[in-house]
Amino acid sequence: QVQLVESGGGLVQPGGSLRLSCAASGSRFSIAAMGWYRQVSGEQRELVARITSGGATIYADSVKGRIAISRDNAKNTVVLQMNSLKSEDTAVYYCNAIVYLVGVTGATNYWGQGTQVTVSS
């Protein structure tokens with residue numbers, strides 16, 4: 001099993017910045033990709049950004065140029081640096097990891113518990 005522990009989030013004014021971190025822990029696993037999703041109450045969860053073990057990244061169009069994702073493979077951590085935040089960025093942000101477990105065929109999807117980001121004056 002793999003556990004994802006998120007940190008960061010909170011309240012920030014429009015135009016401000018926040019940094020979200022997520023650390024994966026467990027045993028006998030390797031991570032194919034890590035990323036962040038967000039969800040507003042009553043709406044579907046949507047991808048914000050994802051990064052593979054090789055460093056390839058993908059971003060939602062709505063955050064391009066304002067948000068950057070980075071990863072430390074040795075520490076199994078992923079960081080989401082969010083700048084120029086807007087009110088529409090308000091949501092619960094979830095860390096996600098696509099994991100290969102030793103002895104298990106195929107990849108397994110893991111989620112963090114979620115952290116609230118509120119952008120408001």
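Okay, aromatic pairs. In this predicted model, the count comes to one aromatic pair. The two partners are tyrosine 37 and tryptophan 111, and their geometry is edge-to-face, with 5.0 Å from centre to centre and 70° between the planes. Tyrosine 37 belongs to strand 4, residues 29–39, while tryptophan 111 belongs to strand 10, residues 107–111, so this pair ties together parts that sit 74 residues apart in sequence.

Now, are those two rings buried or exposed? Tyrosine 37 is buried, at a relative accessible area of 16%. Tryptophan 111 comes out at 35%, and that counts as partly exposed. If you want the cut-off for that reading, buried means under 20%.

Stay with tryptophan 111 for a second, and bring in arginine 45. Which rings does arginine 45 lie over? One is tryptophan 111: arginine 45 lies over its face, 4.6 Å from the ring centre. The other is tyrosine 94, where the charged end of arginine 45 sits over the ring at 3.7 Å from its centre.

Next up, asparagine 96. You'll find asparagine 96 in strand 9, residues 91–101, and it is buried, with a relative accessible area of just 2%. So what does a buried asparagine side chain make a polar contact with? For asparagine 96, the partner is the side chain of asparagine 109, at 2.9 Å. If we leave aside neighbours within four places in sequence, the contacts of asparagine 96 are Leu4, Ala33, Met34, Gly35, Tyr37, Asn109, Tyr110 and Trp111. Notice that both members of our aromatic pair, Tyr37 and Trp111, turn up in that list.

There's another buried polar residue I'd like to show you, aspartate 89. Aspartate 89 lies in the loop between strand 8 and strand 9, and its relative accessibility is 1%, so it counts as buried. Its side chain makes a polar contact with the side chain of arginine 38, at 2.9 Å. There's a backbone partner as well: the nitrogen of lysine 86 lies 2.8 Å from a polar atom of the aspartate 89 side chain. Not counting residues up to four places away in sequence, aspartate 89 touches Arg38, Arg66, Ser84, Val117 and Val119.

Okay, on to the sheet. What is the strand order in the open sheet of four strands? The order is 1-3-8-7, with antiparallel pairing. Strand 1, residues 2–7, and strand 7 stand at the edges with a single partner strand each, so one side of each is left without a neighbour in the sheet. From one strand to the next, the twist averages 15°.

Let's walk through the pairings around strand 8. Strand 3, residues 18–26, runs antiparallel to strand 8, and six bridges join them. Leucine 18 has methionine 82 as its bridge partner in strand 8, and serine 21 stands opposite valine 79. Then there's strand 7, which pairs with strand 8, residues 77–82, in the antiparallel sense, again over six bridges. Here isoleucine 69 is bridged to leucine 80, and arginine 71 stands opposite valine 78.

Strand 7 and strand 8 also form a hairpin, with four residues between them. One thing to look at in that turn is asparagine 76, which has a positive phi of about 55°.

And which residues of strand 7 are on the covered face? Remember the general point that side chains in a regular strand alternate between the two faces of the sheet. In strand 7, residues 67–72, the covered face has Ile67, Ile69 and Arg71, and the uncovered one has Ala68, Ser70 and Asp72.

Last stop, and it follows on from Arg71: threonine 52. Threonine 52 lies in strand 5, residues 46–52, and it is partly exposed, with a relative accessible area of 29%. Not counting residues up to four places away in sequence, threonine 52 touches Ala32, Ala33 and Arg71. So Arg71, on the covered face of strand 7, is one of the residues threonine 52 touches. Threonine 52 and alanine 97 are 45 residues apart in sequence, and C-alpha to C-alpha they are 9.7 Å apart in space.

Note on methods. Residues are numbered from 1 along each chain as its sequence is written. This is a predicted model: local features need pLDDT of at least 70, side-chain atom pairs count only at pLDDT 80 or more; totals for chains, interfaces and linings use all residues. Side-chain values use heavy atoms; hydrogens and water are left out. Buried means under 20% relative accessible area, exposed over 50%, partly exposed in between (1.4 Å probe, protein chains only). Helices (H or I, at least four residues) and strands (E, at least two) are DSSP runs, numbered from the N terminus. Two strands pair if DSSP finds at least two bridges between them. Rings of Phe, Tyr and Trp (its six-membered ring) pair if their centres lie within 6.5 Å; planes under 30 degrees apart count as stacked, over 60 as edge-to-face and the rest as tilted. A charge sits over a ring if NZ of Lys or CZ of Arg is within 6 Å of the ring centre and within 35 degrees of the ring normal. A polar contact is a pair of N or O atoms within 3.5 Å; within protein, one must be able to donate a hydrogen and the other to accept it, and residues adjacent in sequence count only if both atoms are side-chain atoms. Contact means heavy atoms within 4.5 Å. Axes are lines fitted to C-alpha atoms, for helices over the stretch in contact, and angles run from 0 to 180 degrees between N-to-C directions.
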